[in-house]
Structure formats: structure tokens, C-alpha cells
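Student: I'd like to go over some strand pairings and find out what the labels rest on. Can we take them one at a time?

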Amino acid sequence: MTAILSHPIRLSDEIRGRLPLLEARINSYVPATLKGLRLITLVIVLLFVLDAWHAFDLSAWVMSESGRATISAAVHVAIILLFAALAWTIIASIIESRLSGTGNRAPSAREKTLLSLFRNAALIVIITMTILVLLSQIGINIGPLIAGAGVVGLAIGFGAQKLVQDIITGIFIQLENGMNVNDVVEAGGVFGTVEKMTIRSVGIRTMDGGYHLIPFSSVDVVANHMRDFSYHMGEYTIAHRENVDDAIEHLRAAFAELMQDEVLSPEILEEITIPGVTAINERGVTIRVLIKTTPGMQWAVQRGYNRLVKKHFNAANIELPYPHTVVYFGQDKDGNAPSARVDLGRKADHMQVPKGKAPAAGHTPRKLAPRRGGSEDVLGNELEQRVPDEDENGEGEGNSSLRPGPIS
């Protein structure tokens, strides 16, 4: 038996092409099968030895009712275990081959989440049904056991309503494709990247590295930033003294330079949209800008565009205002105010500013120069993707690792 089972089982090329993990899974059953056959052989040999020593009448026991019942139960148990292993092998191989993307189309994040949950649920169902059938085959009445399990389940249901709510809410969130692994979401008041999803909770990694495990019952609203497309919505406030039309032209010029970036320009889906002035207040005039991007790249585009806006506004001497203070010197009842003594120093006598070209307070105008370097300084973790490490059984319940992929 050892010599026979030591040779690996080979499947046909057609089956390996459809189910590439089936052959490895079948070969993994060989050690357990070999131990079982050795145990059965040992028991049979022991019975024959006892019969030869006249310590046990093997033929009489085999012909007796108890002997036939024992042999029948053993055969039934072996058949049940065989069918259970066969069912789990087929289901797990189909699901894992779909998860590995060996077909014509790679699975989506939603398919990966649902297939992983279905695989775990199928394993639990097969194990539970196998145990119940085996107990019934060896003569144990499983009716009271099922009734007792129902009572215990009812008691647990009343005592663990929060857990039941977690599971039901999680099922609906996953069926409605609310979030998937590697999505950037805001759920339960936490903003970050989804690293792990179970049927009860979701694990989110925030930007500061914290890992938050949130039960689905605490998730009222899911804000997913990785659906179809995203927007960089920027609001840029200029001083009251500046011309709005000139500022809009420089915003467009900054976008035109951004479109020359080799890394960020492919992530921009449409031309810039400038709805116009959204606010006029004590600080200045606010102009809104919208840039449509691929999912997850809006933050990298935001960082790159903000730097270019600052560069273009500096070159054009457009003031980005900061809080101002109005100083009131007071006046007498006749309306006369005391004179303010301001010492501008000796340089003030020689300072000549062209008309209409006075620099903004606190700003240093610079000439507009071509941009140098790439986009590495504005990219965060947009090019990294978190995937679960697979354990020895391929269940994917290990720690998380990184691999290239679009994510923020």
C-alpha cells in the first residue's frame, strides 16, 4: 500500500486545465488514506490472530447479528466519509480555481469576497451534515440532538441578538456590493482601506496604520470611494483684490501642466471643470474645481494639482489670503482721528513699485519654470494593494501583504 500510494495521482490535462488545484488537493488526502488503511489492516490481522489462538471466534461473530451490524456500519461510515470528502474536494476546487483567476476572466473583488464566504459556509455545512449522518449510522438517535440544538440555538439567538444583527447586516452589505477588500471606504466613522471581510465584521486599516475591526451592526452608512470614478473637488480662495477670470485661467494652466505628467495624466478621465465662484466672504473669493479621476487616484491628483496651483499663483502674483486684522485708532467727537506713526525705514524712500504690480503681503513671486522630476512625491500608497496571505489549506486567513495594484 505504501508503494502504491507513494506515486502521485495524475489527472488528465483537460481536468487540470479546468481545475488546476484539484490534483494537489487529491494528493493531499493520500497520507490520511494510508493511515486509515493501515489501521483497518491492523484490526483485521489482529482478529485473525485471535481467531487462530481460539481467543475469538471470527467466523461466528461475522455470521452473528452484531457482527453483520458492525461491518455494515463500518462500510456505511466509509462511504459517507468518501462522499463528504468528494463533495468538499469538488466544491473547494471549483471555488479556488475561480479565485485564482485561471479562467478567461479574472474575478472581481466582490466575487472574491462572496466566493470565500461561500467556501467557508460549504465547509461548515458538509462537516455538520457528515457528523449527524455518522452518528445516526452508529446507532445514536439524532432526533433529540437536533431538538436540543434547536433549543440551544434559540437561546443563543435571544442572548446574542447583536451577533445575529452583525451577520444579517453583513450578508446584505455583501450581496448589495457595498464594499470589497482593497476598497477605500468610510464605515462606522472610520476612513481607510478594507483589509479583511467576514460575515460578521470588516477590518479597516486607517492612514495612521491603525487596524479597526468594525462589526456590521455598527455600520449605518458605507461611503465607498472606489466605485466607477472619483473626483478631486478643490476650493481655492483668492484675495478680494484679485481678478477671478485671471485666477481661473491660471487654474486651467496648472491643469494643462498636470496633463503632461506621465504618471497622473492617465488617471484623469475628463477635462477640468470649473463651476465658478462658490463663496465670497471675509477671507476672499472661493473658486471650485472638479477633476474626474479613476477610482482611488483622486488623492494623488489632488496633491499634484495643488502643488502646481501654488506654483502658478506665485508666478502670477495672485494672493492666497490669510486672516486679516483691521486696526481702529479711534476718533474724537468731531470725527478726527489721531495720526498713526509708521516707520517704514530708509528703504521706503527708494522703493518704487510699478503701478498695479504691488506684491501680495507675505508672498514671494517667482518666475514660472518647467516642472522637474516625476510624480513620486505626490503619490501615496495608490500603487499598493493588500491581499490576504493563504494558509496551508489555502483558506486565506493569514496576515496581509502588499503587491502592486491601484489603491489609495
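What follows is a short talk about strand pairing, burial and confidence in a predicted model.

Student: How do you know that strand S2 and S3 count as a pair?
Tutor: Two strands pair if DSSP finds at least two bridges between them. Four bridges join S2 (residues 190-197) to S3, and the two run antiparallel, so they qualify as a pair. One residue match to look at is threonine 193, whose bridge partner in S3 is arginine 205. The link from S2 to S3 is a hairpin of three residues.

Student: What makes S3 and strand S4 a pair?
Tutor: Again the cut-off is at least two bridges. S3 and S4 (residues 211-215) have five bridges in the antiparallel sense, so they pair as well. Isoleucine 204 sits opposite histidine 212 in S4. The hairpin of S3 and S4 has five residues between the strands, and glycine 209 there takes a positive phi near 95 degrees.

Student: Why is strand S3 called mostly covered?
Tutor: Buried means under 20% relative accessible area. Four of the five residues in S3 (residues 201-205) are buried, so the label fits.

Student: Where is confidence lowest and where is it highest, by strand?
Tutor: Strand S10 (residues 400-404) is lowest, at a mean of 41, and strand S8 (residues 285-293) is highest, at 94. Over residues 389-408 the pLDDT is below 50, though the stretch has 58 contacts in the model beyond near neighbours in sequence. Where pLDDT is low, predicted coordinates should not be read in detail.

Technical notes: Residues are numbered from 1 along each chain as its sequence is written. This is a predicted model: local features need pLDDT of at least 70, side-chain atom pairs count only at pLDDT 80 or more; totals for chains, interfaces and linings use all residues. Side-chain values use heavy atoms; hydrogens and water are left out. Buried means under 20% relative accessible area, exposed over 50%, partly exposed in between (1.4 Å probe, protein chains only). pLDDT is the predictor's confidence in each residue, from 0 to 100. Contact means heavy atoms within 4.5 Å.
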